[in-house]
Amino acid sequence: MHSMFNRAAIEVSEALIAGTARNVERFIKSDIDCLKKSFSDFKKIHFLIIESDSSDATLKKLAQLKSEHNSFDYISLGNLSHTLTKRTERIAFCRNKVIDVLLSNPHYSQVSYVAVADLDSVNAKLTREGIRSCWDAAVDWGAMTANQTDEYYDIWALRHDYWNADDCWLQRKGLERFTSPLFAENLSILSKKIHISPITPPIEVDSAFGGLAIYKRDAFVSSRYVGLREDGSEICEHVPFHRQMKEN
């Protein structure tokens, strides 16, 4: 009864599927097709892609997709690398653009859920059933992030007290001071890439991603992405975003 009620909520809701794009010419069409099928239970879905710094035919592919789908739109921010020199800084800037557009464009006023998706073929195995399963969970959630069929790979975005409490790359760097690079990588990253059965109940985390996250609208617009620490070093933009979200 509970899951049927939750799944029914999808059918009366609009979703915005948003992503950032750079040099995704090879994957973008198949990724959009897969996402479209996987989210097809929603009353209506919109696509908004934020592109920057591509040197391949990504822009041409995006224009083609816009001409083929009336629910598809994109914004190109040009060459951000001239002013935002670090990758995570650019990604955070592009992700924040989605929040700005969602808040300012009346076209998206009825959107209840926002799905943030990577567009580099990582979601190629996504299914309608996988999306529906988020609404089967007997917990109230503001965000639900992806599991994988083999192993959960996105350790940099992960924060969990026992599983991965800190930045895995900083941990590896610290361990390399007194052990081999191979052991440091095994301990800080590879050993944490665990298999999670699809029947496992949702795991509460402080942050995660895994190529796809679905947010309730209010949770999504409550935060901002940050790609750099105060000292200018790179951080995973999802971690401060989710920290703010939980605080709010």
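Three short exercises on the pockets of this predicted model follow, each with a worked solution.

**Exercise 1. Find the volume of the largest pocket, and say which residues lie closest to its centre.**

Step 1. The volume of the largest pocket is about 1,600 Å³.
Step 2. Its lining holds 50 residues, and C134, M144, T145, A146 and N147 are the closest to the centre.
Step 3. Now assign secondary structure. Two or more lining residues come from each of α5 (128-132), β5 (143-145), β6 (212-216) and α9 (238-247).
Step 4. Sort the lining by class: 27 residues are nonpolar, 16 are polar and seven are charged.

**Exercise 2. Describe the second largest pocket, and state which element gives the largest share of its lining.**

Step 1. The second largest pocket has a volume of about 650 Å³.
Step 2. Its lining has 27 residues, with R87, I91, R95, D118 and D120 closest to the centre.
Step 3. At least two lining residues come from β1 (14-21), and at least two from α4 (87-104).
Step 4. The largest share belongs to α4, which supplies six residues.
Step 5. By class, the lining of this second largest pocket has nine charged, five polar and 13 nonpolar residues.

**Exercise 3. Check the confidence of the model, and locate a stretch with pLDDT below 50.**

Step 1. Start with the whole protein. The mean pLDDT is 93.
Step 2. A pLDDT of 70 or more is reached by 97% of the residues.
Step 3. The stretch is residues 1-5, where pLDDT falls below 50.
Step 4. Count its contacts beyond near neighbours in sequence: residues 1-5 have five in the model.

Notes:
Residues numbered from 1 in each chain as written. Predicted model: local features only at pLDDT ≥ 70, side-chain atom pairs only at ≥ 80, totals over all residues. Heavy atoms only, no water. 1 Å grid on protein atoms, 1.4 Å probe; cavity = no way out; pocket = protein on both sides within 12 Å on 5 of 7 lines; lining within 4 Å. Points joined across faces, edges and corners; volume = space filled by probe spheres on them. Helix = DSSP H or I, 4+ residues; strand = E, 2+ residues; numbered from the N terminus. Nonpolar A, V, L, I, M, F, W, Y, C, P; charged D, E, K, R; others polar. pLDDT = per-residue confidence, 0-100. Contact = heavy atoms within 4.5 Å.
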